[in-house]
Amino acid sequence: MKIFLATGNSHKIDEIKAIFSEVKNIEILSIKDGLNIPNVIEDGKSFEENSQKKALEIAKFLNMITISDDSGLCVEALNGEPGVYSARYSEAGTDKANNEKLIKNLKGIGNRNAKFVSVISLAKPDGKVYSFYGEINGEIIDEARGDTGFGYDPHFYVEEYKKTLAEMPEIKNKISHRAKALEKLKQNLENILF
């Protein structure tokens, strides 16, 4: 069975395909496979709203079961910012500029508690949609560490492993917010699809 992954983020495509690689009889397709999709405006006030909207619109457009992820960083001392605006937190909207703004906004603040949140939605062309939530807790450190991962990974420190997400690519796909949400989806996949 073919399932379309609705994202233009090549890092997310690689990560989700890797996590799904052990699921039998499921082939994950993306824009990397040459399928063109319309741009969906993510104007929801929550990760769930954005994830569901994107999955539903693309499922109907392609007439194919579609998975979508909306995820981001929520920092306690910043009232949950950047939240749904994580990818476009700074004016430039690049990983570098977003991280610089984050560290600047946390200057002089002792509470560095944060969490990454992911909502994965699976939509069918008939309009049915199922959503799954995952999160990982950590803290924000000033100095970037690690050269893998993307987004805020080099600044997201996980106490249990004494590393940032960017320092542990082999573990990230098992413990991340996205991995946890995808694991819930995988556990429910048979019931949803058949």
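**Burial, core and backbone of a predicted model**

Modeller: Of the 194 residues in the protein, 49% are buried. Buried stands for under 20% relative accessible area, exposed for over 50%, and partly exposed for what falls in between, with a 1.4 Å probe and protein chains only. This is a predicted model, in which local features need pLDDT of at least 70 and side-chain atom pairs count only at pLDDT 80 or more, while totals for chains, interfaces and linings use all residues. Residues are numbered from 1 along each chain as its sequence is written, and side-chain values use heavy atoms, with hydrogens and water left out.

Colleague: Which elements does the protein have, from the N terminus on?

Modeller: The order is β-α-β-α-β-α-β-β-β-β-α-α, with five helices and seven strands. These are DSSP runs numbered from the N terminus: H or I over at least four residues for a helix, E over at least two for a strand.

Colleague: Why is the protein called as compact as a globular protein of that length?

Modeller: Its radius of gyration is 17 Å and the globule rule gives 16 Å for 194 residues; the two values are close, so the description holds. The radius is taken over C-alpha atoms, and the rule is 2.2 Å times the number of residues to the power 0.38. The C-alpha atoms fill a box of roughly 50 × 30 × 25 Å along the principal axes.

Colleague: What makes a set of residues a nonpolar core?

Modeller: The members must be buried Ala, Val, Leu, Ile, Met, Phe, Trp, Tyr or Cys, joined through side-chain atoms within 4.5 Å. The largest such core here has 21 residues, and Phe20, Ile26, Ile67, Leu185 and Leu189 touch the most other members. At least two core residues come from each of β1 (2–5), α1 (10–20), β4 (113–123) and α5 (177–193). Helix α5 gives the largest share, seven residues. Another core of 17 residues lies apart from this one, including Leu78, Tyr152, Val158 and Met168. In soluble globular proteins, nonpolar side chains tend to be buried together.

Colleague: With which residues is Leu185 in contact, leaving aside neighbours within four places in sequence?

Modeller: Phe20, Ile67, Ile120, Leu122, Phe132 and Ile192. Contact stands for heavy atoms within 4.5 Å.

Colleague: Why is Ser68 called buried?

Modeller: Its relative accessible area is 0%, so Ser68 meets the buried cut-off. Ser68 is part of strand β3 (66–75). Beyond four places in sequence, Ser68 touches Ala6, Ser51, Lys54, Ala55, Val119, Ile120 and Ser121.

Colleague: Why does Ser121 count as buried?

Modeller: Relative accessibility is 0% at Ser121, so the conclusion is buried. Strand β4 holds Ser121. Its contacts farther than four places along the sequence include Ser51, Ala55, Ile67, Ser68 and Tyr130. The C-alpha atoms of Ser121 and Leu182 are 9.3 Å apart, with their positions 61 residues apart along the chain.

Colleague: What covers the buried residues of α3?

Modeller: The cover includes β3 and β5 (129–140). The residues concerned are Ala97, Asn98, Asn99, Leu102 and Ile103.

Colleague: Why does Asp43 count as exposed?

Modeller: Asp43 has 52% relative accessibility, so it passes the exposed cut-off. Asp43 sits in the loop between β2 and α2 (47–62). Setting aside neighbours within four places in sequence, Asp43 contacts Asn50 and Lys53.

Colleague: What is the value of phi in Asn25 and in Asn79?

Modeller: Phi is near 65° in Asn25, a positive value in a residue other than glycine. Asn79 also has a positive phi, near 55°. Most residues other than glycine have a negative phi, and most peptide bonds are trans. Asn25 lies in the loop between α1 and β2 (27–29), and its relative accessibility is 66%, so Asn25 counts as exposed. Asn79 lies in the loop between β3 and α3; its relative accessible area is 77%, so Asn79 is exposed.

Colleague: Which kind of peptide bond, cis or trans, runs from Glu81 to Pro82?

Modeller: That bond is cis, with omega near -5°. Pro82 is in the loop between β3 and α3 (95–105).
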